[in-house]
Amino acid sequence: MHQLYNGLSTFGKWVCSMNGTLGDKANKFGLKPGYALDLVTGYDFNKSEGRAKAWDIIRKDQPALIVGSPECTMSSALQNLSKWSTDKQRRLEEARRHLAFMCEIYEYQMSVGKWVLHEHPATASSWKEICIRKLWKQPGVKATIADQCM
């Protein structure tokens, strides 16, 4: 990750964290922290208004790096430990809609020559979703497993 941050110095030192946690650490690497676009800050990506607000900010500010860390609860193998219900199905559909929106953002960001970082547990079923697999096929996209406790 340190190597990636060093490379960002030519991109204006801007980080747009989609979950709020990275911005706190950006200054440590000499980066200008961005902002969190999540439920806490008023961005519900399951609603068209939340998605539109996010697009407005991304297109206006053109962050060098977007870090996406969508909720992974419904992608966890732990979901198999309890009975499936209509509520779980609804939450899975919301998670998939959110992930698809993140993939749209990633595709846009890459199309304008900027960086993306998608973070999800290595065992999450979300890595098998079509939109993520499509991104993997893009030139220059790499996947790695990293220890979050480093």
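Modeller: Contact here means heavy atoms within 4.5 Å. The model is predicted.

Biologist: What share of contacts between residues at least 6 apart in sequence join residues at least 24 apart?

Modeller: That share is 57% in this protein.

Biologist: What makes a residue count as buried, and what percentage of the 150 residues are buried?

Modeller: Buried means under 20% relative accessible area. Of the 150 residues, 33% are buried.

Biologist: Why is the set with Leu37, Phe45 and Ala54 called a nonpolar core?

Modeller: A nonpolar core is made of buried residues of types such as Leu, Phe, Ala and Ile, joined through side-chain atoms within 4.5 Å. The largest such core has 19 residues. Those touching the most other members are Leu37, Phe45, Ala54, Phe101, Ile105 and Ile132. Their types are on the list, so the name fits.

Biologist: Which helices supply at least two residues each of this core?

Modeller: Helices H3 (48-61), H4 and H5 (130-136) do. H4 gives the most, with six residues.

Biologist: What makes the second largest pocket a pocket, and which residues lie nearest its centre?

Modeller: A pocket is an open set of grid points, whereas a probe cannot get out of a cavity. The volume of this pocket is about 690 Å³. Its lining has 35 residues, with Pro70, Glu71, Glu94, Ala95 and His98 nearest the centre. Helix H4 (residues 86-111) gives the most to that lining, with eight residues.

Biologist: How many lining residues of the second largest pocket are charged?

Modeller: Seven are charged, beside 14 nonpolar and 14 polar residues. Glu counts as charged, so Glu71 and Glu94 belong to that class.

Key
Residues are numbered from 1 along each chain as its sequence is written. This is a predicted model: local features need pLDDT of at least 70, side-chain atom pairs count only at pLDDT 80 or more; totals for chains, interfaces and linings use all residues. Side-chain values use heavy atoms; hydrogens and water are left out. On a 1 Å grid over the protein atoms alone, a cavity is a set of points where a 1.4 Å probe fits but cannot get out, and a pocket is an open set with protein on both sides within 12 Å along at least five of seven lines; lining residues have an atom within 4 Å of a point. Grid points are joined across faces, edges and corners, and a volume is the space filled by probe spheres set on the points. Helices (H or I, at least four residues) and strands (E, at least two) are DSSP runs, numbered from the N terminus. Buried means under 20% relative accessible area, exposed over 50%, partly exposed in between (1.4 Å probe, protein chains only).
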